[in-house]
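Q: I would like to learn how to read contacts, burial and pockets in a model. Could you take me through them one at a time?

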Amino acid sequence: MSRQDDPRPLDEVDHTLLALLEADGRMSNAQLARESGIAESTCLARVRSLRDRGVIRGVHADVDPATVGRGVEAIVAVRFAGHARTDIEEFSDAVPDLPGVVSLFHVSGGTDFYVHVAQPSALELRDFVLDHLTTRRGVAHAETSLVFDSRRGRRPLSGE
């Protein structure tokens with residue numbers, strides 16, 4: 001069941017747990033329970049419920065691409081010639097599994113997708129776009145913008 005299908009609203013304890021986990025996704029259940037003021041068993045059940053309901057989608061390490069040999073980051077705007085559902089779904093399903101894809105965004109407007117990629121060099125970025133994006137059925141145009149710097153938001157989504 002996804003969050004949109006779950007009628008239960010998030011309460012103050014849920015928001016507290018989410019803010020704590022956003023600040024430190026590796027926090028132990030014992031520490032999470034202590035800082036949120038609830039019993040450990042309640043905390044475990046609450047976090048499990050948040051995961052099962054799709055509120056918590058995962059916990060990830062934030063790896064600097066340059067430190068693992070992928071120092072060239074870009075956002076590739078992809079536009080489709082038409083909007084055949086099968087083309088869009090195939091693109092959405094396949095692209096996140098390609099090497100160096102950081103994120104995929106399906107958006108409205110003149111662009112259909114933004115693909116955030118990290119590649120070892122400008123040449124490999126070019127090859128990635130040509131070999132993996134522009135050759136896909138339905139893709140009419142791809143425009144690549146280099147990322148000079150990026151900053152992750154520092155405020156928890158679950159708060160205020």
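A: Happily! Let us start with contacts: two residues are in contact when they have heavy atoms within 4.5 Å. Keep in mind that this is a predicted model.

Q: Which residues does Glu73 touch, not counting residues up to four places away in sequence?

A: Glu73 sits in strand E1. Its contacts are Pro65, three residues His116, Val117 and Ala118, and then Ser145, Leu146 and Val147, leaving aside residues up to four places away in sequence. With His116 there is also a polar contact of 2.6 Å between the side chains.

Q: How far apart are Glu73 and Gln119 in sequence and in space?

A: For this kind of question, set the two separations side by side. Glu73 and Gln119 lie 46 residues apart along the sequence, while their C-alpha atoms are 6.3 Å apart in space.

Q: Is Glu73 buried or exposed?

A: The general idea is a cut-off: buried means under 20% relative accessible area. Glu73 has a relative accessible area of 15%, so Glu73 counts as buried.

Q: What is the volume of the largest pocket, and which residues are the closest to its centre?

A: The largest pocket has a volume of about 2000 Å³. It is lined by 43 residues, and Glu22, Gly58, His60, Asp62 and Arg152 are the closest to its centre. Elements giving two or more residues to this lining are helices H1 and H3 and strands E1, E2 and E3. H1 gives the most, with six residues.

Q: How many nonpolar, polar and charged residues are in that lining?

A: By class, the lining of the largest pocket has 20 nonpolar, 10 polar and 13 charged residues.

Notes:
Residues numbered from 1 in each chain as written. Predicted model: local features only at pLDDT ≥ 70, side-chain atom pairs only at ≥ 80, totals over all residues. Heavy atoms only, no water. 1 Å grid on protein atoms, 1.4 Å probe; cavity = no way out; pocket = protein on both sides within 12 Å on 5 of 7 lines; lining within 4 Å. Points joined across faces, edges and corners; volume = space filled by probe spheres on them. Helix = DSSP H or I, 4+ residues; strand = E, 2+ residues; numbered from the N terminus. Nonpolar A, V, L, I, M, F, W, Y, C, P; charged D, E, K, R; others polar. Buried < 20%, exposed > 50% of the residue type's maximum accessible area, 1.4 Å probe, protein only. Polar contact = N/O pair within 3.5 Å; in protein donor to acceptor, adjacent residues only side chain to side chain.
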